[in-house]
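Me: I am new to this one. Could you show it to me and let me ask how its labels are earned?

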Amino acid sequence: GDIGSQLHAGYSHPLARSWQAERQLTKSMLIYPLFISDQDDEEVLIPSLPNQYRRGINRLVPFLEPLVHKGLRSVILFGVPMRPGTKDALGTAADDPEGPVIRSIQLLRRRFPHLYIVCDVCLCEYTSHGHCGILRDDGSLNNQLSVDRISDVAVAYARAGAHCVAPSDMNDGRIRAIKLKLIEEGIVHSVTLMSYAAKFSGCLYGPFRDAAGSTPSFGDRRCYQLPPGGRGLARRAIVRDINEGADIIMVKPAGQYLDIIADAKELGRDLPVAAYQVSGEFAMIHAAAKAGVFDLKAMAFESTEGILRAGATIIVSYFVPEFLDWLSN
Ligand SMILES: NCC[C@H](CC(=O)O)[C@@H](CN)CCC(=O)O
Ligand SMILES: [Zn+2]
């Protein structure tokens, strides 16, 4: 009969409205990005990334302690070498045992045994040219050398104690290479492999590049990050990475790529799907809130609601410190 047209009844009360959502945001879904400098005592605000800092290792514990107490479950580490002369064509500093990332993994594992440590794996912060791999003479990525190097760095982070390695380089075949090396090392069973499987080139990474000093010295990332229009390419990259052994599929950026998150959930129905609300999205929300377009907290939640609705159950977000408070009340 025609009675089904009366939908208001199903969402007439706040609790009933929450029941309409297939996924609810919880603290355990959240991963907080940390920028770790090789200047051990520095704590420098990143102008283009509201409320975010580049911190040396000596500043990490005092900063994280209250957040862990509030329920922070996971962080993703980005090393930021500030010392002059650290960068070279191979990104040698990426797996320097005395470098900021490896030392921070060891410190955080010791100090916060329940904190899940994810390490972003890439070379762009460590290469003199700023690209996410090793280049040929013509400036294109040498796939074999890049994949060998990226997989070595991933294993180094895993051996240092990272619970999860997340290669954000977008070189073809790095997932398989990392998985094989983790198997050879005998540690594959305890290291989660989170693939930035569908990562798009575009204008939303600027604040991050300011923070990490990872802007390419020439050209761009259009030949290895996906073209924003490439939905089919993204589906193929997701299927490929699942087959190469990814344990988690990530889509990035998030807000402008909700269809890709939905595709990832459809194609990777049996895996958790992660999404990264990137620096440009975060800065845009802050700028709009400052301009009076909407309330910051309301949009932090609404943008995240869309990412959940699309199918993500893991969210990398710069709003995590606020969410820990907002989700506690
Ligand atoms: N390895 C690439 C890093 C990439 C930015 C870039 O493409 O330069 C992202 C980090 N995984 C940016 C993240 C962000 O903008 O928040
Ligand atoms: Zn990179």
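Reply: Happy to; here are some questions and answers on the metal site and the ligand. This is a predicted model, where local features need pLDDT of at least 70 and side-chain atom pairs count only at pLDDT 80 or more. Residues are numbered from 1 along each chain as its sequence is written, and side-chain values use heavy atoms.

Me: What makes the site of the zinc ion (ligand 2) tetrahedral?

Reply: Its 4 donor atoms make angles of 101 to 117 degrees; four donors count as tetrahedral if all angles lie between 85 and 135 degrees, so the label fits.

Me: Which residues are the protein donors of the zinc ion (ligand 2)?

Reply: Cys-122, Cys-124 and Cys-132, each through SG, at 2.1 to 2.3 Å. Donors are N, O and S atoms within 2.8 Å of the metal (3.2 Å for Na, K and Ca), so these qualify. Their spacing in sequence is C-x1-C-x7-C.

Me: How do you know that Ser-168 has a polar contact with ligand 1?

Reply: An N or O atom in the Ser-168 side chain is 2.9 Å from a nitrogen atom of ligand 1, and a polar contact is a pair of N or O atoms within 3.5 Å. Arg-221 also offers a polar side-chain atom, 3.0 Å from an oxygen atom of ligand 1. The protein buries 100% of the 420 Å² that ligand 1 exposes when taken alone.

Key
Chains lettered and ligands numbered in written order. Tetrahedral: all angles 85-135°; square planar, octahedral: opposite > 155°, others 65-115°. Polar contact = N/O pair within 3.5 Å; in protein donor to acceptor, adjacent residues only side chain to side chain. Areas by Shrake-Rupley, 256 points an atom, 1.4 Å probe, with all protein chains shown as cover.
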